[in-house]
Amino acid sequence: MPGTADPQFRQDVLAGLSAPIPAVPARWLYDLRGSELFDEITRLPSYYPTETETALLKQIMPELATAIPRGTAVVEFGAGSATKTPLLLEAIAPAAYVPVDISGDYLGSSADMLRERFPDLAIYPVAADFARPFELPGEVLDPPKLGFFPGSTIGNFVPRTATDLLRHFRDLLGTGSLLLIGMDRVKPIERLLAAYDEPEGVTASFNLNLLERINRELDGDIPVDAFRHEARWNDMLSRIEMHLVATSDVEFTVSGKPFAFKAGESIHTENSHKYPRRGARLLLLAGGWTPVAEWEDPAGDFSIVLAQA
Ligand code: AVJ
C-alpha cells in the first residue's frame, strides 16, 4: 500500500537502484510472502542446508546438553525455526528463552507455539532488528547465556558486517557466554548453484517477489516479467549471489523516480557466503568468539560451531 511503506525500505530501494552496481539489501526479500517462499525453499530437495543442519543438530544434542551449563538463558537471533528451536530447548532445558526478531507478528505466533509445547519455560520475546543495538529483558541479564544463530544466516552478511554483528552479539551476551552458530560450507559449484536456482522455480519467485513488493509498497510500475532470477557463484568472495537480470531494455518508476536498465544489467539482491572450515573459525575469532567445538555432517556440507566469548 503506497504511503504506509517503511521509510527505510523506500530509501534503500531508491538509493540501491541508482547505485553504480544496483543492489537492494537482502532483508527486504523477507516480507510475509517472501518468508512463506523461503519456507518453501527449505523443503526443496536441492536446498540442502535446512535438512542437513537439522539432522546435525539432532545428532549433537546430547553432547551440547553436557557442554551447556544449567540455568542458561537462550537468546535466538531470528524468531526461531519450528523444528530447530524445539530440538535445542528440549535437550538443554534452559532457564529462559529470548527470541529476537524484527517481525512482531511472526515473533508472537512462534512464541505462542513454544509456550504450548514448553509450558514451564519462561519466554521473553524481543521485537527488534538483531543487527542493531537493543537491550535484553531484565529477567535474563544474569549469566550464563547461549546465543543461537542457526540457518547460516551469518552468510547473508559480508565479512566486515558479519564481524561487526558477532561483536555486537558478544557485547550483548557478555564475556563467558556461548554462541551456537550454523555456517554453510564451500562445495562443488554445481551443487551450490542448484540450491539457489532449481527447476521448481521457488527461489526465482522468492527473488522476483522483491519487485512485486516494490510495486505494491513503493508505488512502482516495474515490469516484473522483464526480469529473470539468476544465481551466480562469486569465487573471489566465496559466495552465491542472487541477481535480478533485465531481459530487455526497461524503464520504470518507483515512488515517482525514473529508472532505466539495459538488457543484461542486474539488481543484486542477496549474498550467501560459504566458509571453508578454517575460514569459519577465523570469522568467529575476528568477531570476538573462540571456537570450542565444531561439528559437520558426514559429507562436510554444513558446520555447526560452539564458540565462547
Ligand atoms: C536464509 C540467508 C540462510 O542464504 O541460503 C535461500 C536465504 N536465499 N535461497 C541462504 C536463501 C535463497 C538463505 N539464508
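This section describes a β-sheet with its overlying helix, and a pair of packed helices, in a predicted model. Local features were accepted at pLDDT of at least 70 and side-chain atom pairs only at pLDDT 80 or more, while totals for chains, interfaces and linings use all residues of this predicted model. Residues are numbered from 1 along each chain as its sequence is written.

An open sheet is formed by three strands in the order β7-β8-β11, with antiparallel pairing (strands are DSSP runs of E of at least two residues, and helices runs of H or I of at least four, numbered from the N terminus; strands pair if DSSP finds at least two bridges between them). Strands β7 (227-234) and β11 (266-273) are the edges, each pairing on one side only. On average, neighbouring strands are turned by 20° against each other, direction ignored. Strand β8 (residues 239-246) is joined to the antiparallel β11 by seven bridges; histidine 243 has histidine 268 of β11 as its bridge partner.

Helix α7 (residues 189-196) lies across β7 and β8 and runs at about 150° to β7 (axes are lines fitted to C-alpha atoms, for helices over the stretch in contact, and angles run from 0 to 180 degrees between N-to-C directions; contact requires C-beta atoms, placed from the backbone, within 7 Å).

Helices α3 (residues 48-67) and α4 (residues 84-92) pack at about 15°, their axes 9 Å apart. The two helices are therefore roughly parallel to each other (angles under 35 degrees). The contact involves Thr54, Leu57, Lys58, Met61, Leu64 and Ala65 of α3, together with Lys84, Leu87, Ala91 and Ile92 of α4.

Terms used:
Contact = placed C-beta atoms within 7 Å. Parallel < 35°, antiparallel > 145°, perpendicular 65-115°, else oblique.
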